[in-house]
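Colleague: Could you walk me through this model, taking it slowly since I am new to this?

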Amino acid sequence: MNIGVITIFPEMFESILKSGIVAKAINNNLVSITFSNPRDFAEDNRKTIDEKVFGGGPGMLMMAPPLEKSLKFLKKKLGDDSLVVYVSPQGKKFNNVLSKKVVNNNKIILICGRYEGIDERFIETFVDEEWSIGDYVLTGGELASMVIIDSVTRFIPGALGDKCSVEEDSFENGLLDYPHYTKPRVYNGKAVPDILLNGNHEKILDWRQKQSLGRTWLRRPELLENLALTDKQEKLLSEFIEERKNLMNE
Ligand code: 4HQ
């Protein structure tokens, strides 16, 4: 998997390059990240990459020409068929489905805007897709790009030690994750649910499925609208709702 990043702050990426799963994936040659700094392609002696916005208003905008040269440099390295993504709050909401598509395409170039953003004509000419990581405003696209790189890396075969982890995650089945417990068995007066301790694997699977369904119903009901639940799942969810009603009446 080849990732290109256009940023005036490549040093921000040191965190994910040095620690954890992304660092390991790079060391194992599963991921390669190439940076390009538009500052290196500025056209004047003062290395200007930003300018005032036409029409007035606060802040500065990144100019198209240094971005274009930066992109051409990365395309030469990664290939012309790279998916070019501009991260911005105006984009399509990023999710696991997009993340997996990136892994299938095998190459992506992420453009990190600073200031008020980048010249619209650059987006129209060179950007394939605009993606947002959520409805909040960051001071730049770097953190959003790191979120995308982190998420994508998890879907690269072999990047996660435990093969099952990706398949058992939240959203893989369209549902939120069930609760997890580890030692000690009693913590702050709270015991681990008995069912997880008595070794009946079938019952444990049912319990977890029920918790997943119940939590999704409570916290993200809109996720259930896009799912066709099996009869078994309908039954488990009804039980969850019934048990919760009884708990609240106690
Ligand atoms: N920004 N999801 C503004 C974001 C953002 C987001 C990146 C701030 C682009 C110009 N990016 N710059 N939310 O807030 O992706």
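**Domains and ligand**

Modeller: The domain assignment, which is automatic or comes from a database, gives the protein domain 1 (2-163) and domain 2 (186-249). This is a predicted model, where local features need pLDDT of at least 70 and side-chain atom pairs count only at pLDDT 80 or more, while totals for chains, interfaces and linings use all residues. Residues are numbered from 1 along each chain as its sequence is written, and side-chain values use heavy atoms, with hydrogens and water left out.

Colleague: How far apart are the C-alpha centres of the two domains?

Modeller: The C-alpha centres of domain 1 and domain 2 are 39 Å apart.

Colleague: And which residues are closest to the ligand?

Modeller: The ligand is surrounded by 16 residues (each with a heavy atom within 4 Å of it), and the closest are P89, I133, G134, Y136 and L138.

Colleague: What kinds of residue are in that shell, by class?

Modeller: The shell around the ligand has 9 nonpolar residues, 7 polar ones and no charged ones; here Ala, Val, Leu, Ile, Met, Phe, Trp, Tyr, Cys and Pro count as nonpolar, Asp, Glu, Lys and Arg as charged, and the others, Gly among them, as polar.

Colleague: Which strand gives the most to the shell?

Modeller: Strand 5 does, with 4 residues, strands being DSSP runs of E with at least two residues and helices runs of H or I with at least four, numbered from the N terminus.

Colleague: Where does the backbone of Y136 or L138 come in?

Modeller: A polar backbone atom of Y136 is 2.9 Å from a nitrogen atom of the ligand, and a backbone N or O atom of L138 lies 2.9 Å from a ligand oxygen atom.

Colleague: Changing topic, which peptide bond is cis?

Modeller: The bond from K183 to P184 is cis, with omega near 0°, and P184 is found in the loop between helix 7 (164-167) and strand 8 (186-187).

Colleague: What is the phi of Y115?

Modeller: Y115 has a positive phi of about 55° although it is not a glycine, and Y115 is found in the loop between strand 6 (107-111) and helix 5 (120-126).

Conventions. Polar contact = N/O pair within 3.5 Å; in protein donor to acceptor, adjacent residues only side chain to side chain.
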